[in-house]
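Me: I'm new to this structure and would like a close look at a single part of it, the salt bridges. Please start with the overall setting, then go through the pairs slowly and finish with a few other spots to look at.

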Amino acid sequence: MNITKQKITGHIFAFIVVSIWSITYVATDMLLANGITALQILVLRFFLALGVLYILKPKLYLPKSFKEELGFVFIAMFGMFFYYVLENFAIGKTDGTNVSIIISFVPILTTLASAFFTKKTGITSLTILGFAIAISGVVMVVFNGTVTLDFDFLGYILAFGAALCWTVYSVLLEKYLERFDSIIITRRMLIYTLIPLTPMTFIIDGIPNMKTFVETPVLIACISLLGIFGGSLCYHWWNKATRNLGVVITTNYLYMSPFITMVFAFFATKTPITAMGICGAILILFGVILSDLRK
């Protein structure tokens, strides 16, 4: 694959993934509203995702060294287990809009971490200015004309912890993508996430009530969306995008998540899009373009 085609493919994968992740919040809300807890949702979606990936690539991968496998453990812990647990608890402590704003700092943190640890990314004045403009746009899109603030600092700390976890995952992932197939990495992540998550869920929330899914078939579609797309294919495609574009450019697509959610909410629930939301979307786009300029 030539470089141009490789980059185009990476951009397509990144956009598709962020679009799907942006609308999975609706499916999660429906499951939560029907008595399925946040931890139970994670266990169900990750087991389903793992099954899908083994169907796509049945070949087993056996560990070659303790150090190599330890790297997979760290990628799984930061990219799935700690990230989702911290994010879910953060949403329980503070407003979801505030959490999404803090999570949107991931591209900034990732660029700084990549510049410091891998020396592949340079930080320029345009980079900083682009970040500031994009974050301003995210805030405007998230609020979309309705400003609600609270000051539960524990929620903010948990959300920032989730953002840091995704940053660590992004930096660690880049090294492993040079050596392993994306599906192999995603399968390993799911396995090492489910090992601590499954008993933790059973102890805290118990076994999910599967009767709920039988009585409300739409919930089957919701968990299928989360597992097949949000849990397996999205991570696989995100890893491929990171390989093709690099960690910084791929992560910048996360800025688009609030805007995509806003548009989806408009069509799904008739939530109005305000002038503030439109201006915010323009700022996000301009900020991302500016932060990627090197001259």
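Reply: Of the 295 residues in the protein, 49% are buried. Keep in mind that this is a predicted model. The protein exposes about 14200 Å², and carbon and sulfur atoms supply 74% of that area. As for the fold, you'll find 13 helices and zero strands. Among the contacts with a separation of 6 or more, 88% are between residues 24 or more positions apart.

Now for the part you asked about. How many salt bridges does the structure hold? It holds four, and here is a walk through some of them.

Let's begin with Glu69 and Arg188, which form a salt bridge with their closest N and O atoms 2.5 Å apart. Glu69 sits in helix H3 and Arg188 in helix H8, so this pair links distant parts of the chain, 119 residues apart. Are these two partners buried or exposed? Glu69 has a relative accessible area of 8%, so it counts as buried. Arg188 comes out at 7%, so it is buried too. The cut-off behind both calls is a relative accessible area under 20%.

Next up is Asp181 with Lys57, whose closest N and O atoms are 3.4 Å apart. Where do these two sit? Both are in loops: Asp181 is in the one between helix H7 (153–177) and helix H8 (182–204), while Lys57 is in the one between helix H2 (38–56) and helix H3 (66–93). Because of that placement, the salt bridge ties together parts that are 124 residues apart in sequence. Asp181 is partly exposed, at 32% relative accessibility. Lys57, with a relative accessible area of 27%, is partly exposed as well. Neither value is under 20% or over 50%, so "partly exposed" is the label for each.

Then there's Lys211 with Glu215, where the side chains meet at 3.7 Å, N to O. This pair stays within one element: both residues lie in helix H9, four residues apart, which is about one turn of the helix. Lys211 is exposed, and Glu215 is exposed too.

While you're at helix H9 (residues 211–215), have a look at Thr212, which lies there as well. Thr212 has a relative accessible area of 13%, so it falls on the buried side of the cut-off. Leaving out residues up to four places away in sequence, Thr212 touches Asn34, Ile36 and Leu219.

Another threonine to check is Thr251, in helix H11 (residues 247–252). Its relative accessible area is 1%, so Thr251 is buried. Which residues does Thr251 touch, not counting those up to four places away in sequence? They are Val106, Pro107, Thr110, Ser170 and Trp238.

Last, a stop at the surface. Ile8, Ile12, Phe15 and Ile16 make a nonpolar patch of about 350 Å². One of them, Phe15, has its place in helix H1 (residues 3–33). Phe15 is partly exposed, at 40% relative accessibility.

To pull the salt bridges together: Glu69 and Arg188 join helix H3 to helix H8, Asp181 and Lys57 pair up from two loops, and Lys211 and Glu215 meet inside helix H9.

Note on methods:
Residues are numbered from 1 along each chain as its sequence is written. This is a predicted model: local features need pLDDT of at least 70, side-chain atom pairs count only at pLDDT 80 or more; totals for chains, interfaces and linings use all residues. Side-chain values use heavy atoms; hydrogens and water are left out. Buried means under 20% relative accessible area, exposed over 50%, partly exposed in between (1.4 Å probe, protein chains only). Contact means heavy atoms within 4.5 Å. Accessible areas come from the Shrake-Rupley method with a 1.4 Å probe; for residues, only the protein chains shown count as cover. Patches are made of residues with over 30% relative accessible area and no salt bridge: like charges are joined within 9 Å, nonpolar side chains (Val, Leu, Ile, Met, Phe, Trp, Tyr) within 5 Å.
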